[in-house]
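Reader: I am a first-year student, and I would like a close look at a single part of this protein. Could you take me through it slowly, in connected prose?

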Amino acid sequence: MYQIKLKIMGKGDKKTKRGKINRGTFGARRPRVKKRRSIETKIGIGNKAKVK
């Protein structure tokens with residue numbers, strides 16, 4: 001008759017890192033990883049010299 005709702009930390013919990021990984025979402029516990037600039041763009045390899 002009565003349903004008991006238990007909060008178990010793990011894959012089913014929306015607020016834990018493991019739960020976020022399981023759902024494929026991001027948040028405070030699982031922030032997005034920012035893309036780093038490549039070394040080639042920093043030092044200018046591949047950029048052609050401008051001729052006037």
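To begin with, how many helices and how many strands make up the secondary structure of the protein? After that, please look closely at helix H1 and the residues around it, starting with Lys20 in that helix.

Author: The model in front of you is predicted, and its secondary structure comes to two helices and zero strands. Of the 52 residues of the protein, 10% count as buried, and the protein exposes about 6100 Å², with carbon and sulfur atoms supplying 55% of that area.

Let us turn to the part you asked about. Helix H1 covers residues 17–23, and Thr16 is placed in the segment before it. Thr16 has a relative accessible area of 14%, and because buried means under 20%, Thr16 counts as buried. Leaving aside residues up to four places away in sequence, Thr16 touches Met9, Gly10 and Arg29.

One of those partners, Gly10, also lies in the segment before H1. With the same kind of sequence neighbours left out, namely residues up to four places away, Gly10 touches Thr16, Arg18 and Gly19. The chain also brings Gly10 into relation with Asn22: these two residues are 12 residues apart along the chain, while their C-alpha atoms are separated by 9.2 Å.

Within helix H1 itself we find Lys20, which is buried and yet has no salt bridge. The nearest side chain of opposite charge belongs to Asp13, and it is 8.7 Å away; a salt bridge would need a side-chain nitrogen of Lys or Arg within 4 Å of a carboxyl oxygen of Asp or Glu. Even so, Asp13 is among the residues that Lys20 touches, together with Lys14, Thr25, Phe26, Gly27 and Arg30, when residues up to four places away in sequence are not counted.

Following one of these contacts leads to Thr25, which is placed in the loop between H1 and H2. Thr25 has a relative accessible area of 33%, and because this value falls between the 20% limit for buried and the 50% limit for exposed, Thr25 is partly exposed. Beyond residues up to four places away in sequence, Thr25 touches Lys20 and Arg30. Thr25 and Lys14 are 11 residues apart in sequence, and 9.1 Å lies between their C-alpha atoms.

Past that loop, helix H2 spans residues 39–43 and includes Ile39. Ile39 counts as exposed because its relative accessibility is 59%, and together with Ile43 and Ile45 it makes a nonpolar surface patch of about 340 Å².

Definitions and conventions: Residues numbered from 1 in each chain as written. Predicted model: local features only at pLDDT ≥ 70, side-chain atom pairs only at ≥ 80, totals over all residues. Heavy atoms only, no water. Patch = residues over 30% accessible without salt bridge, like charges linked within 9 Å, V, L, I, M, F, W, Y side chains within 5 Å. Areas by Shrake-Rupley, 256 points an atom, 1.4 Å probe, with all protein chains shown as cover. Helix = DSSP H or I, 4+ residues; strand = E, 2+ residues; numbered from the N terminus. Buried < 20%, exposed > 50% of the residue type's maximum accessible area, 1.4 Å probe, protein only. Contact = heavy atoms within 4.5 Å. Lys, Arg positive; Asp, Glu negative; His and termini not counted.
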